[in-house]
Structure formats: structure tokens, C-alpha cells
Amino acid sequence: MTYPEPASRKRLLRVKLNGRWREDAVAENQLLVDYLREVAGLTGTKTGCDGGECGACTVLADSEPVPSCLTLALRCEGRSIETIEGLTMQGQLHPLQRTFHEKLGTQCGFCTPGMIMAAEALLRRNSRPSEEDIKAALSGNLCRCTGYVKIIESVQAAAEMTP
Amino acid sequence: MTAIDGERPKRRGVPLIDGIEKVTGRARYTADLDHANALVGRIFRSPVSHGEIRRLDVTKARELDGVIAVVTGADCPHSYGVLPVAMNEYPLARERVRYRGEPVAAVAAIDAATAQRALDLIEFEVRELPAYYSSAAARADDAVLLHSDKLGNVEREVHHTFGDVAAGFGAADLVREFRISCAEVNHAQIEPHAVLAAFDPATQHLTVQSVTQVGYYLQLMLGRCLNMDLSRIRVIKPFVGGGFGARVEVLNFEIIAALLARAAAGTVVMQLTREENFLTHRARPQTDVMLKLGMRRNGQITACACEVVQRGGAYAGYGIITILYAGALLQGIYAVPALKYDGYRIYANLPPCGAMRGHGSVDVRHAFECALDRMARELGLDPFAVRRVNLLHAPTVTMNGLMVNSCGLSECLDRVEQASNWRARIGRLPPGKGLGIACSHYVSGAAKPIHWTGEPHAAVNLKVDFDGGITAFTGAADIGQGSSTMVAIAVSETLGVSLDRVRVVAGDSAITPKDNGAYSSRITFMVGNAAIDAARHLKAILVEAAARKLEAKPEDIECVGEQFSVGSGSQASLPFADVVKAALVGGGVINVKGTFTCPPEAQGGKHRGGAVGSTMGFSYAAQVVEVTVDEATGAIAVDRVWSALDCGHAINPLAVEGQIQGSVWMGMGQALSEETRYLDGLPAHASLLEYRVPTIAESPPIDVQIVESHDPNGPFGAKEASEGALAGFPPALVNAVANAIGIDFDELPVTPDRVVQALVERRRRVRVGALQRQAP
């Protein structure tokens with residue numbers, strides 16, 4: 001039995017990651033989530049399923065929420081990618097991080113980075129979301145701990161903190 | 001009975017002490033641990049449901065460049081399992097495979113692609129045997145036995161009778177029998193299984209970091225399966241992304257990764273796919289319940305007969321406990337004067353079932369609470385009245401020997417009745433809308449541990465040194481439920497120091513005392529009590545030192561707000577740091593230990609299996625569910641839930657609220673949409689798209705009322721809060737649907753298909769009835 005050579009041909013990826021430009025040699029078939037976790041060392045972005053099922057890997061690409069497990073890293077050439085690690089500015093918690101912490105929008109915490117990034121995308125385009133807006137924006141992000149009640153409260157509280 | 005302590009203001013609770021790590025992405029879960037130089041482990045799984053292994057040839061896999069180790073069943077002749085009496089499983093199948101997806105061999109390679117190619121090179125031949133996917137098929141007279149010592153493929157039969165059942169039914173004004181069936185469900189915790197196993201050939205030491213809820217059991221089973229001295233094994237629990245029972249027994253991949261690490265003389269990382277998570281399973285079994293109740297006109301239960309059949313999957317796991325729980329927890333919530341229970345745990349050619357939130361109690365509670373409503377309706381009784389007339393009154397001991405020391409269920413009922421405005425709304429709702437009520441309960445830890453060693457049920461160590469910081473060491477596995485935060489609160493409140501002075505180190509066998517693990521909701525009750533005990537010992541030492549410094553008697557020393565003073569209002573006082581310095585003089589660093597043990601009288605009845613269900617404290621819950629049923633589509637929308645739970649005392653009200661909401665919601669998933677489905681043993685549900693857990697879009701507001709009955713033995717009076725509310729949701733929902741559209745559903749989940757089918761059948765019955773009446 002013969003096998004094709006592994007698809008290890010690499011190309012240079014230039015990407016703005018959490019506000020800083022960087023360049024990495026990336027395999028053509030590397031997924032964004034694996035690039036973030038294994039190349040950039042940003043393990044805050046999680047893999048919770050076999051592809052596009054749970055939303056735990058949600059990151060922002062030019063402020064739009066994308067499932068990084070269904071996105072090729074090389075498709076992010078020249079784009080701005082933001083992860084949970086990028087939300088903390090100079091050690092200060094982002095309003096969503098603060099409210100998810102204080103209102104227990106996080107229990108086991110595994111869905112939390114993706115949930116917060118999806119919520120951040122919502123708040124950037126709609127700073128005063130209704131409960132229905134929040135539900136629509138987060139409906140692709142599964143949480144198994146909270147029953148979502150405190151997640152909604154956390155997003156609402158974060159929205160109120162933003163002027 | 002249930003007022004919050006008078007002297008304390010209403011407490012809101014505190015965020016989790018490890019919450020900031022979670023919201024910043026800094027928290028390291030097992031898959032996040034540095035594994036840059038680790039080998040990648042992959043499992044070869046059985047492609048058939050049942051068969052004798054004729055040939056397993058891994059030569060070509062082993063010869064592939066980049067493959068460092070291959071292991072098969074021949075590398076581990078030691079069985080494992082969570083119950084000492086039922087260890088009938090091997091990490092890698094030997095001689096026979098019993099379910100599709102059962103691990104057969106495993107490889108460790110330099111990368112995932114190489115490992116995957118190696119799996120494709122494994123040659124596997126099986127002589128297929130008949131396979132059974134339902135309890136009935138497995139129990140057929142001519143069925144091949146999955147395990148030769150278990151006739152009829154019955155893993156365990158339980159037959160318990162308490163009281164005079166015949167007389168009880170004879171005294172009833174109404175006797176009804178119900179057959180209710182509940183689908184198999186899965187934990188579906190969001191973090192997939194993962195393990196990092198490192199074997200050091202120089203020292204012969206093994207370190208395993210895993211997603212476990214039971215690090216101690218993992219260490220025991222690693223020692224058994226790898227035939228290693230336990231002292232050479234270290235088990236560490238990193239952050240764990242949810243459990244719900246998925247990880248309360250040692251799982252095959254944990255042992256397989258360790259076998260690979262030893263064979264490769266290195267470090268192996270193994271990350272299971274979501275599909276493999278479903279194959280690993282260990283969740284709530286498909287269950288058929290036959291429930292017969294006798295009732296007086298006033299709703300009082302006179303007798304209960306219940307038969308439970310659980311389709312347990314291919315191996316024992318927790319099965320014996322599950323089938324015992326199902327019978328034992330028919331009691332402990334209502335006064336049932338006579339009870340007959342017959343339970344059957346069946347082997348079938350499917351992934352093994354195990355423990356899942358509300359272990360053993362959920363499906364029988366569902367049947368019981370549906371039966372109460374249906375019989376009350378027939379008797380013209382109110383659903384609240386039928387429950388109130390049967391309430392237990394604490395303290396009491398049930399017929400099967402369960403101690404009930406505190407019970408706030410009566411107040412739970414009052415609270416949800418008021419909060420939901422039940423009286424004003426029931427019977428006056430628009431068409432398609434309905435309200436339903438149900439109650440439930442759960443143990444605060446099993447009073448008799450699985451591994452009976454004579455040791456305390458829990459131990460906590462505290463260390464204080466020159467810096468004035470207090471470190472609590474606990475083996476208790478925080479899996480997101482907030483147990484480390486609970487330990488910190490228990491220590492800080494007992495000592496009267498601020499919460500951020502306490503640091504918690506948890507779940508590392510090299511550092512923390514042994515703990516049985518995060519299951520049966522034991523941690524708050526047992527570890528909480530041990531933490532308080534440790535803090536009291538520490539306090540005594542500090543008070544002694546303060547007394548010496550202040551030249552007073554220890555009994556006159558008070559510690560409030562980190563100040564030690566002689567009596568209240570006294571001028572003479574010392575800050576905490578100075579007291580610690582005084583206490584260190586002579587002896588240096590202070591280490592104290594606290595323990596907790598459940599006394600023998602709490603450990604259940606003397607009958608066989610009587611220890612299962614026994615606990616020091618039951619939580620109690622009531623909930624009202626409001627639904628809207630769309631008769632066109634069959635879709636059920638849950639509009640709102642009102643839930644009340646008696647947790648004895650809420651050590652952290654914020655976390656208690658979160659646990660109640662989470663458990664109620666998990667019950668909703670089981671009630672409405674969650675179901676594992678197999679096609680000839682092949683999971684048809686093995687992704688989070690096919691296995692339908694509710695999204696945020698269909699999840700309702702969940703109003704929480706915390707009832708505090710102050711258990712005499714609980715830490716600060718506390719009992720469990722994480723499981724008790726789950727079992728009430730499915731029956732409350734089914735009762736609400738009956739209220740909305742007048743149809744009783746006997747099967748879970750109540751999917752739109754089932755609703756539509758029931759509506760169509762009813763329309764047909766009505767039509768046929770009308771035609772028959774018209775006929776001359």
C-alpha cells in the first residue's frame with residue numbers, strides 16, 4: 001500500500017493576531033484552531049467537537065465570529081484575528097470577561113472563550129442587544145453547565161458597562 | 001426551619017476562585033498541556049458489535065516509519081472496572097469484542113497522521129456472533145451470553161420488598177400501573193476526553209494527567225493494569241471541562257495511553273474525537289419502568305411496585321450501583337409504606353453505560369412523578385396536594401434504611417407554587433399552554449464508599465507558613481462545579497479570615513490527600529466537613545498563640561475580620577500575620593489535617609445492596625414547568641421554569657444557583673431532545689449536531705429559589721445542590737404537556753415526532769368515535 005506524501009508543504013502566513021502582526025510558515029491544510037493552539041501557543045481557543053458542532057473554537061476574524069476549526073489558517077492572510085487572550089488589555093479584564101466571571105457565566109469554563117468571543121462580536125455590532133439578539137448570536141455556542149441563564153445575564157451586564 | 005441565619009445578611013455568594021483563569025483563556029485543560037514533544041496515541045476500534053477475535057496482526061503498523069509503540073490486549077491481561085466485584089473489562093479487548101467501537105489496539109507515533117496510517121495497517125479478523133441491541137433481545141432464551149457467568153445476559157437482578165405490599169394495594173382506593181420508557185442519554189460535556197501520560201524509563205515512574213473526576217480510582221487502576229507499585233504513579237487533574245459522570249470511572253483510553261507511554265518509554269498525548277467520546281459513553285441507560293401505585297382517595301400512597309430494566313451496554317461499569325439506586329431512591333422523598341422493587345441490569349452489544357448526573361434516580365423518579373399526577377387527576381386531586389399528603393417528615397429512617405435528617409421539600413413546593421402563580425393560572429391558560437409540577441431528591445454523597453478501606457470519607461490538609469498564606473490541599477476534583485471555591489469558603493469562614501488569603505491546591509496525588517472523587521454529589525458534604533474540621537484545628541493553634549501573646553485564656557480569644565482579640569470590644573488585639581508569626585515560634589510551618597467520616601448508622605439497610613442510596617443528607621427539589629405546545633409542528637417550547645431546591649445551606653449561593661439552573665436544564669435536554677440512537681450498534685448520534693443538546697435559543701429562563709433546611713450534619717448545614725433538581729424536570733414537563741394538550745406521554749424524549757403522532761392518533765380516535773356514534 002502506498003500513501004501520498006503528507007501535505008506538509010508550507011506557505012508563509014501573514015496575520016494580525018491579537019493586534020500584532022506575525023509571520024509563520026503554515027501547512028496548506030492547517031486549520032486556524034491548530035495554528036492558534038500549536039503554532040502561536042494560544043490554547044484559550046478550544047476544540048470541543050469534530051468540526052463545526054459546538055462553537056468552542058470561535059474567534060474573531062475582522063470582528064466577525066468564525067469557527068476556527070472550519071477555517072484554514074492560510075485563509076486568514078492579511079486579516080485581523082482575535083482570540084480570548086487578546087481581550088485582556090494590560091492585565092485588565094474585558095467587560096465580558098469580568099461579567100462572565102462575576103455572574104458565573106462560566107462554570108467548567110471550556111465553552112467560555114468561544115462564548116465570550118461570539119458575544120464580543122455581537123456587542124461590537126449591537127451595543128444594546130435584546131435577549132433575543134443575544135440568543136440568536138450565541139445559538140451556535142453550546143454550553144453544558146449553565147443552562148445559559150447566567151450567560152445571558154453576563155452578556156447583558158457587559159453591554160450595560162459599555163458606554 | 002428554613003430561614004437563613006438571622007445574624008447574617010442575605011448572601012449573594014462569590015465568583016469561582018479559578019474563574020479569572022477560565023474567562024481569560026489561561027486555564028489549562030488536559031489538551032492544553034505542553035505536548036509539543038509527545039507522541040500521539042490513537043485507538044483501533046472494533047468494527048463489529050460482537051465477535052470472537054480470530055486474528056489481530058499489528059506487524060505492519062509496528063513497522064511503519066514513525067510508529068514508536070503498538071499495544072494490544074496481549075499487553076494487558078488485567079481487567080479493570082470501578083466496582084471491585086465487577087471488573088470484567090480490559091482496556092484493550094482480549095479474545096472477544098462486545099460492542100462496535102471497543103478498543104482493540106493502540107499506536108503511539110510521531111504525529112497524528114502517522115498514527116492514523118498505522119491504524120489502517122492493523123489486520124483484524126473476527127468470527128461474528130449474534131449481537132443484541134435491546135434488553136428484550138439480550139434476554140431471549142437462545143441469546144448468546146456476552147459474559148459466560150451471567151445467565152440470560154442479566155448482569156444483576158435486584159429483588160427488594162419492604163412492608164406488606166399486598167395489604168397496601170388492598171387498602172388503596174385506586175390502583176394504577178404505568179409503563180414508561182426513557183431513552184439512553186449522554187453527558188456530552190463540552191471538553192472532549194484527553195490524557196497526557198509520561199513514563200520515565202530511568203526512574204520507572206508514570207505521570208498521568210487526565211480529564212478525570214476520580215484521580216484516586218485512576219491511580220488504583222493504573223497500578224492494577226500496568227502492574228506497577230502505586231507509589232511510582234502520579235495522577236494530576238488539570239482544569240476539567242465538565243463531567244456530569246462521564247469521568248467518574250476510569251476510562252479505557254486513560255489506561256491505554258499509559259500502556260503506550262510505557263511501551264514507547266516516553267510521553268503520549270491522546271485526544272479523543274467527539275465520536276469517540278460517544279463510544280466511550282458511560283452514561284444513563286435506556287430504561288423501561290413498570291410502576292404500580294396504590295392510592296387512597298386523599299392521595300396517600302399505600303403501596304408501590306416497580307420493575308426496572310436497564311440496558312446497560314457491554315460491560316459492568318457502575319451497573320450494579322445504577323440498578324440498586326433505581327430501587328433505593330424510590331424512597332427517601334415520600335412516605336411509601338410498602339414497596340416491592342425488581343430491577344434487572346442487562347448486558348447488550350452497545351457502549352457501556354455508567355453514572356450520569358442523578359445516577360440511577362432520574363428515570364424512576366420520572367415515572368413516579370408522572371404516575372402521581374395521573375392518579376391525582378383521576379381522583380380529582382390537585383398535583384400539589386397529592387405530593388404534600390405524602391411528604392416525609394425529618395428526622396426519619398425509611399423502610400429501606402435511609403436516614404433522612406433534614407427535609408425542606410414542603411417549603412420547596414410552597415415556593416414554586418407562589419413563584420409560578422400556580423393557583424391563579426392553572427386551568428385558566430390559553431389553548432396549547434400548560435403547567436406541570438414534579439419533585440425530586442438526591443444524595444449528598446454515598447455514605448458507604450465503593451472501596452471500603454476503613455479510612456475517613458474525606459481528608460483536607462492545611463498549611464500555614466511565614467507569609468501568612470493558608471494553603472488548602474484537597475484531592476477533590478473541581479470539574480467546574482466550584483468545589484475548590486467551596487473549600488476556600490469553608491476554611492475562610494471557619495477561621496474568620498478573608499477568602500483571598502486561602503489558596504486551594506487540588507487533584508494531584510503527589511501533593512494532595514486522597515479523595516474518592518467528584519461523584520454522587522459528595523464533595524460539599526464530605527470534603528466541606530473535612531475542610532471545616534481542618535480549619536478548626538488550625539484555629540485552635542492560632543488562638544492558642546494569640547492567647548499567649550495577649551496573655552489571655554484561649555477561650556476568651558475571638559477572631560473576626562483577621563483580628564484576634566480578647567473578648568468583643570476589647571482594645572487588645574493582634575492582626576492575623578502577627579498571630580501566625582507567634583504560632584510558628586518553636587515549631588515552624590504549621591500543617592493540620594481535617595477529616596470526615598459517615599458513621600455506620602448512616603450507611604443504609606442491612607439487606608443485600610442496602611448501602612446504595614444511603615447518605616448523610618438528601619437534597620430536595622420541586623419545580624414548575626410552563627410549556628407551549630404547537631399542535632401543527634409538535635414542537636414543545638419551554639417558556640419558563642420555577643425551581644426550588646433544599647440544599648440545607650447555600651455555602652456559595654451564586655454557585656448553588658448555577659448548579660440548579662444547570663441541572664434543571666440538563667433534565668430539559670433529556671425530556672425534549674436528547675437520545676442516543678444506534679443502527680446495528682453503530683451510533684447514529686455521535687456528534688453534537690445529531691445528539692441534540694438544547695441551544696441557548698430554546699433554553700428558558702430558570703427561576704431559582706434556595707431553601708435552607710439546615711442539615712444537622714452538613715457543613716454549615718449544607719447538602720448537595722448539583723444533582724437533585726435534574727430528575728424533576730422530565731416529569732414536570734410531561735405533566736405540563738398533559739395539562740396543555742391532554743395527552744400523557746409514556747416515552748422520553750417527548751420529540752415533535754411523538755407529539756404529532758399522538759395528536760394524529762387522537763384525531764383519528766375522535767373521528768372513529770364520531771362515526772361509530774353516527775352508525776345506527
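**Two domains, two chains**

Hi everyone, let's start inside chain A: the centres of its domain 1 and domain 2, taken over C-alpha atoms, are 21 Å apart. Please keep in mind that this is a predicted model.

Where do those domains sit along the chain? Domain 1 of chain A covers 10-83, and domain 2 of chain A covers 87-161. Where they meet, domain 1 of chain A puts in 14 residues and domain 2 of chain A puts in 12 residues.

Let's look at domain 1's side of that contact. Two strands of chain A, β3 (58-61) and β4 (64-67), each supply at least two residues to it. Of these, β3(A) has the largest share on this side, with three residues. As for chemistry, this side of domain 1 of chain A that touches domain 2 of chain A holds six nonpolar residues, six polar and two charged.

Now let's step out to the contact between the chains. Here 43 residues come from chain A and 46 residues from chain B.

Which helices of chain B should you look for? On the side of chain B that touches chain A, α1 (19-24), α3 (112-120), α8 (274-280) and α17 (653-672) of chain B each bring at least two residues. If you want one place to begin, try α17(B), which gives the most to that side, with seven residues.

And what kinds of residues are they? The side of chain B that touches chain A has 24 nonpolar residues, along with 15 polar and seven charged.

That's my tour, thanks for listening!

Notes
Residues are numbered from 1 along each chain as its sequence is written. Chains are lettered from A and ligands numbered from 1 in the order in which they are written. This is a predicted model: local features need pLDDT of at least 70, side-chain atom pairs count only at pLDDT 80 or more; totals for chains, interfaces and linings use all residues. Two residues are in contact if their C-beta atoms, placed from the backbone, lie within 7 Å. Helices (H or I, at least four residues) and strands (E, at least two) are DSSP runs, numbered from the N terminus. Ala, Val, Leu, Ile, Met, Phe, Trp, Tyr, Cys and Pro count as nonpolar, Asp, Glu, Lys and Arg as charged, and the others, Gly among them, as polar. Domain bounds come from an automatic or database domain assignment.
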